[in-house]
Amino acid sequence: MQRHIIVSGDDALATTIADELKNAGAMVVRIGHSDQSEAGVARELALADVSQAIAVVCAGDDDAVNLEIAL
């Protein structure tokens, strides 16, 4: 996948952001926070093909995980 937007988070805000992006025509990949370990976050980003994404939206309810994803 290329030129997609990754939306991270399992809450209503992340869902709304993903829905609005899709409605605007963007290709969106959602990732959750089921495994909040460093390895789990890295695995989810790799599966979402972060190297080809044009943006990553960190909209989860855990600020520490959001920061880890952003870094």
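A residue is called buried when its relative accessible area is under 20%. This cut-off applies to the close-up views below, all taken from a predicted model.

**View 1. Strand β1 and its two faces.** Strand β1 covers residues 5-8. From this strand Ile5 and Val7 point one way, whereas Ile6 and Ser8 point the other way. All of these residues are buried. In a regular strand, side chains alternate between the two faces of the sheet.

**View 2. The open sheet.** Three strands, in the order β2-β1-β3, make up an open sheet with parallel pairing. β2 and β3 are the edge strands, each pairing on one side only. From one strand to the next the twist averages 20°.

**View 3. The pairing of β1 with β2.** Strand β2 comprises residues 28-31 and runs parallel to β1. The two strands are joined by four bridges. Valine 7 of β1 lies opposite arginine 30 in β2. Between these strands the chain passes through helix α1, residues 12-23, and the resulting β-α-β crossover is right-handed.

**View 4. The pairing of β1 with β3.** Strand β3 spans residues 55-58 and is parallel to β1, to which four bridges join it. Isoleucine 6 has valine 56 of β3 as its bridge partner. For serine 8, the bridge partner in β3 is cysteine 58.

**View 5. Helix α1 and the residue beyond its end.** The twelve residues of α1 reach 16 Å from the first C-alpha to the last. This span is close to the 16 Å expected at 1.5 Å a residue. Just after the helix, glycine 25 adopts a positive phi of about 100°.

**View 6. The largest nonpolar core.** Eight residues form this core: Ile6, Val29, Ile31, Val41, Leu45, Ala48, Val65 and Ile69. Two or more residues come from each of β2, α2 (38-47) and α3 (63-70). In soluble globular proteins, nonpolar side chains tend to be buried together.

**View 7. The surroundings of alanine 48.** Alanine 48 belongs to the largest nonpolar core. Apart from neighbours within four places in sequence, alanine 48 is in contact with His4, Ile6, Val29 and Ile31. Of these partners, Ile6, Val29 and Ile31 are also listed in the largest core.

**View 8. A second core.** Separate from the largest core is a second one of six residues. Among them are Val7, Ala14, Ala18 and Val28. Val7 of this second core is the residue that stands opposite arginine 30 in β2.

Definitions and conventions: Residues numbered from 1 in each chain as written. Predicted model: local features only at pLDDT ≥ 70, side-chain atom pairs only at ≥ 80, totals over all residues. Heavy atoms only, no water. Buried < 20%, exposed > 50% of the residue type's maximum accessible area, 1.4 Å probe, protein only. Pairing = 2+ DSSP bridges. Right-handed = clockwise from strand over helix to strand, strands pointing away. Expected span 1.5 Å × (residues − 1). Axes fitted to C-alpha atoms, helices over the stretch in contact; angles between N-to-C directions. Core = buried A, V, L, I, M, F, W, Y, C linked by side-chain atoms within 4.5 Å. Contact = heavy atoms within 4.5 Å.
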